[in-house]
Amino acid sequence: MSATFAIGDVQGCYEPLRKLIAALPFEPETDRLWFVGDLVNRGPQNLETLQYVRDLGPQATLVLGNHDLHLLAIVFGGKTPQNSDTFQDVLASAHCEELSHWLRTLPLIHQDREWVLVHAGIPHIWTVNDACKFGREVESKISGPEYVSFFENMYGKYPDIWDKTLNGMDRLRIITNYLTRMRFIDEDGRLEFAHKTTLDTAPAGFRGWFEYERERAKTIVFGHWAALDGQVPTDRVIATDTGCVWGRGLTAVRLEDGKRFHWQDGVVSCQI
Ligand SMILES: [Mn+2]
């Protein structure tokens, strides 16, 4: 029986990643590593992280996060790094272009028979199949010949609610924002970007995206929301971001049995 280990947001924490993987009961021949996105930014070793994960080849399945897209918006879209960005090591590297072109071949969402991998989540107004279909629209733009115009126009909070008649960049932007930036959402599907807090301090009228009634045919595996610390009060949703870059450790969840492996301060522990 093969195992699938879903690893939370790495964000350039290369040493913790290597130590966590080394401690996993991972069989390279049969097992798989899933990454929830945000391989880079805020942490120290972004270049090593990208090269290592890319070189895992078919052992690794990964989806893009908002920080990965932010790097691409700087490399390809003419955007300027912010003071809080730490991926200068990637930008200054002779491998920057090659790694960036590899990143743009990656999906925003991946599903197999039982699980769905996505960076931020899936809004309750969509089924998993909707999310994959809409995600494909963005993926084909990013991996296709018009990627530069996508990255020039990716950023923005609006439209902040889905409408199936949206087209062009407005449509691609809201799809991207649902799949890679969402935390709080209202009943109608409107996004709120100001809050990154815990669920009990949700802004009025909003709840965590996984707190609504929805299709639960598959288990959704996500990262992005470090304040949740890997815990959600919801069945069939698995949070993996335990805030490694904020000093709270890196987590891998074995999807088949839910066992969690956690690196913190040089020590790997595990819990059911
Ligand atoms: Mn993120």
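Contact here means heavy atoms within 4.5 Å, and the model behind these close-ups is a predicted one.

**View 1. Helix 2 packs against helix 5.** Here we look at residues 46–55 (helix 2) and residues 96–103 (helix 5), whose axes sit 11 Å apart at an angle of about 55°. That makes the pair oblique to each other, and their crossing is left-handed. On the helix 2 side, the residues that meet the partner are L47, L50, Q51, V53 and R54, while helix 5 brings E98, L99, W102 and L103. Sort the residues of this contact by type and you get six nonpolar, one polar and two charged.

**View 2. What lies over the buried residues of helix 2.** Stay with helix 2 and look at its buried residues: N46, L47, T49, L50, Y52 and V53. Their cover includes helix 1 (14–23), helix 3 (66–75), helix 4 (88–91) and helix 5, along with strand 2 (32–35) and strand 3 (60–62). After helix 2 comes G57, with a positive phi near 60°.

**View 3. F35 in the largest nonpolar core.** This core has 83 residues, and F35 and F151 are the two that touch the most other members. So who does F35 meet, once neighbours within four places in sequence are left aside? The contacts are I7, V10, L17, I21, V53, L56, A60, T61, L62, V63 and L117. V53 also turns up among the buried residues of helix 2. Another core, of 10 residues, lies apart from the one with F35; W34, V36, V63 and L255 are among its members.

**View 4. Helix 6 crosses helix 8.** The axes of helix 6 and helix 8 (residues 168–180) come within 9 Å, crossing at roughly 115°. As helix 6 goes past helix 8, the crossing is left-handed. A131, F134, G135, E137, V138 and K141 do the job for helix 6, and R171, L172, I175, T176 and L179 for helix 8. By type, the residues of this contact come out as six nonpolar, two polar and three charged.

**View 5. A close look at N129 in helix 6.** Helix 6 covers residues 128–143, and N129 is part of it. Is N129 buried or exposed? With a relative accessible area of 52%, N129 counts as exposed, because the cut-off for that label is over 50%. Also worth finding is Q111: in sequence Q111 and N129 are 18 residues apart, and in space their C-alpha atoms are 9.1 Å apart.

Conventions:
Residues are numbered from 1 along each chain as its sequence is written. This is a predicted model: local features need pLDDT of at least 70, side-chain atom pairs count only at pLDDT 80 or more; totals for chains, interfaces and linings use all residues. Side-chain values use heavy atoms; hydrogens and water are left out. Axes are lines fitted to C-alpha atoms, for helices over the stretch in contact, and angles run from 0 to 180 degrees between N-to-C directions. Helices (H or I, at least four residues) and strands (E, at least two) are DSSP runs, numbered from the N terminus. Angles under 35 degrees count as roughly parallel, over 145 as roughly antiparallel, 65 to 115 as roughly perpendicular and the rest as oblique. A crossing is left-handed if the near helix is turned anticlockwise from the far one by less than a right angle, and right-handed if clockwise. Ala, Val, Leu, Ile, Met, Phe, Trp, Tyr, Cys and Pro count as nonpolar, Asp, Glu, Lys and Arg as charged, and the others, Gly among them, as polar. Buried means under 20% relative accessible area, exposed over 50%, partly exposed in between (1.4 Å probe, protein chains only). A nonpolar core is a set of buried Ala, Val, Leu, Ile, Met, Phe, Trp, Tyr and Cys residues joined through side-chain atoms within 4.5 Å.
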